[in-house]
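Hello,

Here is the structure I promised to pass on. Please open it beside this email and follow along.

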2 protein chains.
Amino acid sequence: MTLLQAWEGEADCRNCTLRESALFSSLTEDDFAVVHGQVEQVTMSPGDILYKIADPGYHLFTVRSGLVKLVQYLPDGTQRIVRLAFGADVIGLEMMVGEHYLHEVVALRTTELCRYPIAAVNRICTTNAALHADLMSRWQRALSEAEASLVLLSTGTAKRRMANLLLRLLDGQDSSECFLFSREDVGSILNMTVETASRTLSEFKRQGVIKEIRNNHFDLDVPAMKVIATI
Amino acid sequence: MTLLQAWEGEADCRNCTLRESALFSSLTEDDFAVVHGQVEQVTMSPGDILYKIADPGYHLFTVRSGLVKLVQYLPDGTQRIVRLAFGADVIGLEMMVGEHYLHEVVALRTTELCRYPIAAVNRICTTNAALHADLMSRWQRALSEAEASLVLLSTGTAKRRMANLLLRLLDGQDSSECFLFSREDVGSILNMTVETASRTLSEFKRQGVIKEIRNNHFDLDVPAMKVIATI
DNA sequence: CGCGCAATTGAGTTTCGTCAAAATCGGTGG
DNA sequence: CCACCGATTTTGACGAAACTCAATTGCGCG
């Protein structure tokens, strides 16, 4: 299934709730006018594929709400989730400097995105230093994310990695609740089998450091979890 | 030891062997004249530290020869190598958009670098679109590297990860020789103990897929190694 | 030559993966 | 509303892989 929900047409950028943090937050009114008409909104359901590896494409995306996974494949076909994107994360940046997308992007929840044409971004980029700076920040953010994944989610025991994932998925700054996805995806992020993922969560429940409020929705004992994350 | 070998003074950029692939390869003569006087060469011995995490700094670096590791630390103090840099890799890019370095950078072999002032790069960046594009490519390259590390060096069994590391360290395109560093650093890249690293290499020797030519210098049976890397 | 550090090897334990079975969930249709 | 189905999740038993601790070997260097 590469088909998405229908494009929802022109976006209302001026009233965008992400206006401050989204790409283009630093544009002048003139520059903004150039892209504005070319921005479109996309809505994805869980499991929908935004694009695949090596797809040609002409768009950048900003995640408005929801959560997507960025997947790469090993030579033998097993998949590995290399990044999660949410908040105001930008995905598809590699198209600014290359010919193809480098990931497969799949929605893990209902997800809304904005779609920008690369050509327009590139055009503005040549004259607008602020956008340039903004793009560099986005790149650095993606890089920091990838490295954090490496350090937090790929180092240590299964329990430790799981604790770091749960902490990272906390809804807000001072929330203690988080929403988890399938065990298979958990395994693909943390480099473990679905059985180990399941067993680890069960043990957390038994220890009382997580409580399942409703399906796949957990309430964490954050301090305890932070301890586990550093053992 | 944060002390480096003495700065070796002004670089001879015009005759640089990396001229084509180094940062600034796309500069005009005028722009080039601006930075030229500000570029300096650095030489590091194995174990020397270029900079530490959270160090303030005003420089980007290009690796001219040798090999450095980029290290991050877990809350409990254990270290993890998040990237290796060599060839014409640029390090310290995060200083273009932030206040501090995000890694500790340590030489694994005798290493030569060029040092550019961030301020000069930023200045040229505002007028020179080619440099802009070049910088974005560097960022994307670093990101691809980080993700390749995740997929190749952090997925699968110890043997598989080791095989991928050895293949990645091959001297040249069609060389079968590679130079390895300490078992502790190997363990820090592949997320395994020094004992497992040592045992894995010993098994490779017994199987005949690697031969130790001289200390830590191996000749690989590349096809066999590629098979191991995909099992 | 001997010292110190890194690397290797061995033995025992823990963790994790594999395979298989049972339980749970979500959706569908009677 | 409930029974049934497939898919996902959980649990159990076993074996393989990797870690820990400890002892030994090998290497570089004074």
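Below is what was found in it, part by part.

First, the ground rules. This is a predicted model, in which local features need pLDDT of at least 70 and side-chain atom pairs count only at pLDDT 80 or more, while totals for chains, interfaces and linings use all residues. Residues are numbered from 1 along each chain as its sequence is written, chains are lettered from A and ligands numbered from 1 in the order in which they are written, and side-chain values use heavy atoms, with hydrogens and water left out.

Helix 6 of chain B

Start with helix 6 of chain B, residues 194-207. Helices (H or I, at least four residues) and strands (E, at least two) are DSSP runs, numbered from the N terminus. This helix has 14 residues and reaches 20 Å from its first C-alpha to its last. That is close to the 20 Å expected at 1.5 Å a residue (the expected span is 1.5 Å times one less than the number of residues).

Which residues of helix 6 of chain B are buried? They are Ala197(B), Thr200(B), Leu201(B) and Phe204(B). Buried means under 20% relative accessible area, exposed over 50%, and partly exposed in between (1.4 Å probe, protein chains only). The four cover an arc of only 95° around the axis, which puts them on the same side of the helix. The arc is that of the directions from the helix axis to the C-beta atoms. On the other side, Arg199(B) and Arg206(B) are exposed. The cover over the buried residues includes helix 4 (158-168), helix 5 (183-190), strand 10 (210-214) and helix 7 (222-230) of chain B. Just after the helix, Gly208(B) takes a positive phi of about 80°.

DNA strand D

Now look at the DNA. 15 residues surround DNA strand D (near means a heavy atom within 4 Å). The closest are Arg183(A), Ser198(A), Ser202(A), Ala158(B) and Thr196(B). Helix 6 of chain A and helix 6 of chain B each supply at least two residues of this surface. Helix 6 of chain A gives the largest share, five residues. By type, the surface has two nonpolar, seven polar and six charged residues. Here Ala, Val, Leu, Ile, Met, Phe, Trp, Tyr, Cys and Pro count as nonpolar, Asp, Glu, Lys and Arg as charged, and the others, Gly among them, as polar.

Of the strand D atoms within 4 Å of the protein, 61% belong to sugar or phosphate, and the rest to bases. A polar side-chain atom of Ser198(A) lies 2.8 Å from a phosphate oxygen of the strand. For Thr196(B), a side-chain N or O atom is 2.3 Å from a phosphate oxygen. Arg199(A) has a side-chain N or O atom 2.9 Å from a base nitrogen.

Two buried residues

Thr111(A) is found in strand 8 of chain A. At 0% relative accessibility, Thr111(A) counts as buried. A polar atom of its side chain lies 3.1 Å from the backbone nitrogen of Leu67(A).

Ser149(B) lies in helix 3 of chain B. At 8% relative accessibility, Ser149(B) also counts as buried. Leaving out residues up to four places away in sequence, Ser149(B) touches Leu150(A), Val82(B) and Ser154(B) (contact means heavy atoms within 4.5 Å). The C-alpha atoms of Ser149(B) and Leu84(B) are separated by 9.4 Å, with the two residues 65 apart along the chain.

Best wishes

Note on methods. A polar contact is a pair of N or O atoms within 3.5 Å; within protein, one must be able to donate a hydrogen and the other to accept it, and residues adjacent in sequence count only if both atoms are side-chain atoms.
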